[in-house]
Protein chains: 4
Amino acid sequence: MPSHLALLSCLLVLVLSLDKFLLPYLRKRWLSGGGVAAIIPRIPTSHFKSQRSMAAAAQWSETTMLVIDMQKDFVDPAMGSPLLVAGGEAVIPAVAEAVAVARKRGIFVVWVVREHDPSGRDVELFRRHLYSGGKGPTVKGLKGAELADGLFIKEGDYKLVKTRFSAFFATHLDSVLKTLGMKNLVIVGVQTPNCIRQTVYDAVALDYEKVMVLTDATAAARPDIHLASIRDMKTIGVETPTLEEWRR
Amino acid sequence: MPSHLALLSCLLVLVLSLDKFLLPYLRKRWLSGGGVAAIIPRIPTSHFKSQRSMAAAAQWSETTMLVIDMQKDFVDPAMGSPLLVAGGEAVIPAVAEAVAVARKRGIFVVWVVREHDPSGRDVELFRRHLYSGGKGPTVKGLKGAELADGLFIKEGDYKLVKTRFSAFFATHLDSVLKTLGMKNLVIVGVQTPNCIRQTVYDAVALDYEKVMVLTDATAAARPDIHLASIRDMKTIGVETPTLEEWRR
Amino acid sequence: MPSHLALLSCLLVLVLSLDKFLLPYLRKRWLSGGGVAAIIPRIPTSHFKSQRSMAAAAQWSETTMLVIDMQKDFVDPAMGSPLLVAGGEAVIPAVAEAVAVARKRGIFVVWVVREHDPSGRDVELFRRHLYSGGKGPTVKGLKGAELADGLFIKEGDYKLVKTRFSAFFATHLDSVLKTLGMKNLVIVGVQTPNCIRQTVYDAVALDYEKVMVLTDATAAARPDIHLASIRDMKTIGVETPTLEEWRR
Amino acid sequence: MPSHLALLSCLLVLVLSLDKFLLPYLRKRWLSGGGVAAIIPRIPTSHFKSQRSMAAAAQWSETTMLVIDMQKDFVDPAMGSPLLVAGGEAVIPAVAEAVAVARKRGIFVVWVVREHDPSGRDVELFRRHLYSGGKGPTVKGLKGAELADGLFIKEGDYKLVKTRFSAFFATHLDSVLKTLGMKNLVIVGVQTPNCIRQTVYDAVALDYEKVMVLTDATAAARPDIHLASIRDMKTIGVETPTLEEWRR
């Protein structure tokens, strides 16, 4: 009995002392898809939830979904906005489904939206002519700034207001995510060559370990424009699965 | 002929001395495509006020007043907030008066406020323990985040939400001000050693030409704390008049 | 009397049309304490070149050329760098020529370069595997970080070190340019979908009034990749002339 | 014997599965000084290095020392610089000693220095008059920009160039530190109310978990100015030990 205790203590100490070494290693393995099983095959999986789901749970708690610009003025043709993204409406169901999957997995969901002053004085210069008489695309408080029908911010989600393409440009998003320990980003919304791509490139610049764009839950004015940016993003280490591939 | 020369010189000097006033106007016209020809006839030189007041007007059009953190949780003792600034309530009238003077002068007024997520996940680490059960200082939507009684955002003003001390930290404030051509800042609010000082130091780092703190429209927990920061700010070129001195 | 009026009108128009040229000069004088009186006599109006070239001079004094990543590891095949841009070497002459034109026009030239720690700890995560044994692409002090043969930093130019794609990401470039009064950017270098494009998009986000990419003094791995980004940049108001069109 | 193995496996799995919960807890304990011994008193310390040093090693690998502005123009009276910090020279030995302690502990050392263009065009506006004829405080390449005698950058250290007070303002420092997993900062150098304080406040804004200023390895023009900033920093959760207290 004492020898059992000694052994146990030993082991406990060992593992604790190793955590600094084990953790980064495990994290790397998990991220690269190997999973715990690949490293310590002797672990008796029958005593608890499968390691795969454990590893997944760990991964999801460090993952954030960024839903970008899914606002009426960008994706709802009924608004008649000059900034409507041609391919936007078609991906609303995929975005909604991606958010549902994210919530089921316990992934933190951040709704990134534009909200501009009616004067347009916080809009990019090349778009300021669109603002007059207190109106313009995604003016704060107007209908065009609302999320597209079928999309909702739930308790526990986070709303992040931006005024430029990238969700990270002159916002506190990186601060919130880094301090929460987020390492992975899954990105959906519109539109691929501008807000999606700028957010993705900034995410890479900000050293998020895994940056992912769901190729069929993002959209641009035309498929070739969409695909050209997807191709470029792949070259800088961004993963580009479909929603179906990601949800498996 | 000499009289012609005198006249010309006179006119030249006059126009040159007006450039601070004319330029913003011309720039706006030119950018919008009007060109020089379109404006010349419209300049009502005969109606010009004195050069002095015109120069002042020019200065004010390049000046922004930042009103910082004048929210109930910071300055209204009735809220019982743990972040109440002891000297805050006493300066509410001076802040209101400073804003009134700014408006009369046509100065752009920006209301800088904190608005935090009920979870506290966008608050500084050392203050997160103050957030629980959906409550905490200046939580978005709660009464403590409102402006102190007697202070109001008017049409034409701008509201800027921040989550850290400095109004420039991870916000788009510098972008809005620089593009509007703002060169001078007048700063009021609470509290001197933290949000005021950090905003001021960032403003100096961002090369605003004139940064001014109204010493009796700002406050700290104690007068000596207030004065120590005022002293330090003077050493980096910041002007520190009283409200009375500034309004002259 | 009518002739007086005509003369005065003439002069008024003349001075007004010159303000873009005069202003930077006046501002510099005023800031340094000289005042209007100190300058008036010095303006040699009789020697003025044509208004057109003066307007151009005004424009050039507010224009900066950004030369991006023209370093041996990116454009010189002899280095054998894993980050060689296939189309890079071919545009070295055009970049050199663009710089020569810029200098002749008095345009401020900024050489934007990557310089990394030998450990690779300031490189993007997806490229860190390229660094070991004190070597890696554009390591500070190594030959690969030098400018390509034929390109030189001259006195009056500025060298800006960056560690990410965009020349504006986590650097003081915007600060230097805005405070110098720069409003226009002309961008050359490599490579179009990454460093060029990210710099361009950030420049637009930072409200530079005119952002220009010289299409044949920039390059990517393949022409179609280059052109896809040029097309996208056009949609956000970026001008994309050839070197020949720009130098006219 | 099989039961032993089962037990061991069980325990291993248990601990591994707990790491997400244990780690944050342990980290918090370690950071607050309790140490592992306070939580799991049954661990037989005799089998390996003392837990205290283990915990320390963990802590030090997540700690960075920022040595700020210890350049000749700031701390060496022989330079005759207008920006000499009166109390600077006196703390050179303490700074050198703090760096020696940091190196012994394996703490990452970052040398933060100012290096300005000879033209002064990347200096704060209120200091530009100090630059002319290619000279001025801490001009890149001149003697005044060198580290004070007795201070050296060693292999493995990092040099970070800044152009404003805060080491984090418009630099990639936060990026390097966050990606290295740094959570704690120990700050030494000059001068307390400007570069030290701005760096400290930005560090708090950037959510570093523990920010520490060594009170006798930092200095200002006068002791009362130094102490006023130390007092303010304490109110936002910054630790302010002496070098002696920290080295224990």
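Helices here are DSSP runs of H or I with at least four residues, numbered from the N terminus. I note at the start that this is a predicted model.

**Entry 1: helix α6 of chain A**

I began with α6(A), which covers residues 192–205 of chain A. I found a kink of about 25° in this helix, centred on Gln198(A). I then looked up how far the helix is covered, and 14 of its 14 residues are buried. After α6(A) comes Asp207(A), and I read a positive phi there, near 65°.

**Entry 2: the peptide bond ahead of that helix**

I went back along chain A to Val190(A) and Gln191(A), which are joined by a cis peptide bond. I note an omega of about -15° for it. Gln191(A) sits in the loop that runs between β4 (184–190) and α6 of chain A.

I looked up chain C as well. There, a cis peptide bond links Val190(C) to Gln191(C), with omega at about -15°. I place Gln191(C) in the loop between β4 (184–190) and α7 of chain C.

**Entry 3: Asp73(A)**

I located Asp73(A) in helix α3 of chain A, residues 72–75. Which side chain of opposite charge is nearest to Asp73(A)? I found Lys72(A), at 9.4 Å. A salt bridge needs a side-chain nitrogen of Lys or Arg within 4 Å of a carboxyl oxygen of Asp or Glu, so a pair that far apart does not count as one. I therefore record Asp73(A) as buried with no salt bridge.

I also listed what Asp73(A) touches, leaving out residues up to four places away in sequence. Among the contacts are Met79(A), Ser81(A), Leu83(A) and Leu84(A). The list also includes Gly136(A), Pro137(A), Thr138(A), Gly144(A) and Ala145(A).

**Entry 4: cavities**

I counted the cavities of 30 Å³ or more and got 15 in the structure. The largest holds about 1,400 Å³ of space. I noted 50 residues in its lining. Which residues lie nearest the centre of the largest cavity? They are Ala170(A), Ala170(B), Phe168(C), Ala170(C) and Ala170(D).

I then checked which helices supply at least two residues each to that lining. They are α5 (173–179) of chain A, α7 (173–179) of chain B, α6 (173–179) and α7 (192–205) of chain C, and α5 (173–179) of chain D.

**Entry 5: Ala170 in chains A and C**

I followed up on Ala170(A), where phi is near 60°, a positive value in a residue other than glycine. Ala170(A) belongs to the loop between β3 (158–162) and α5 of chain A. I read a relative accessible area of 27%, so Ala170(A) is partly exposed.

Ala170(C) has a positive phi too, near 55°, and is likewise not a glycine. I found Ala170(C) in the loop between β3 (158–162) and α6 of chain C. Its relative accessible area is 26%, so I enter Ala170(C) as partly exposed.

**Entry 6: Leu151(D)**

Last, I looked at Leu151(D), in the loop between β2 (108–114) and β3 (158–162) of chain D. Is Leu151(D) buried or exposed? I have it as buried, because its relative accessible area is 6% and the cut-off for buried is under 20%.

The residues Leu151(D) touches, not counting those up to four places away in sequence, are Met70(D), Ile92(D), Val95(D), Ala96(D) and Trp111(D). I also noted 9.1 Å between the C-alpha atoms of Leu151(D) and Pro93(D), which are 58 residues apart along the chain.

Definitions and conventions. Residues are numbered from 1 along each chain as its sequence is written. Chains are lettered from A and ligands numbered from 1 in the order in which they are written. This is a predicted model: local features need pLDDT of at least 70, side-chain atom pairs count only at pLDDT 80 or more; totals for chains, interfaces and linings use all residues. Side-chain values use heavy atoms; hydrogens and water are left out. The bend at a residue is the angle between axes fitted to the seven residues ending there and the seven starting there. Buried means under 20% relative accessible area, exposed over 50%, partly exposed in between (1.4 Å probe, protein chains only). Lys and Arg count as positive and Asp and Glu as negative; His and the chain ends are not counted. Contact means heavy atoms within 4.5 Å. On a 1 Å grid over the protein atoms alone, a cavity is a set of points where a 1.4 Å probe fits but cannot get out, and a pocket is an open set with protein on both sides within 12 Å along at least five of seven lines; lining residues have an atom within 4 Å of a point. Grid points are joined across faces, edges and corners, and a volume is the space filled by probe spheres set on the points.
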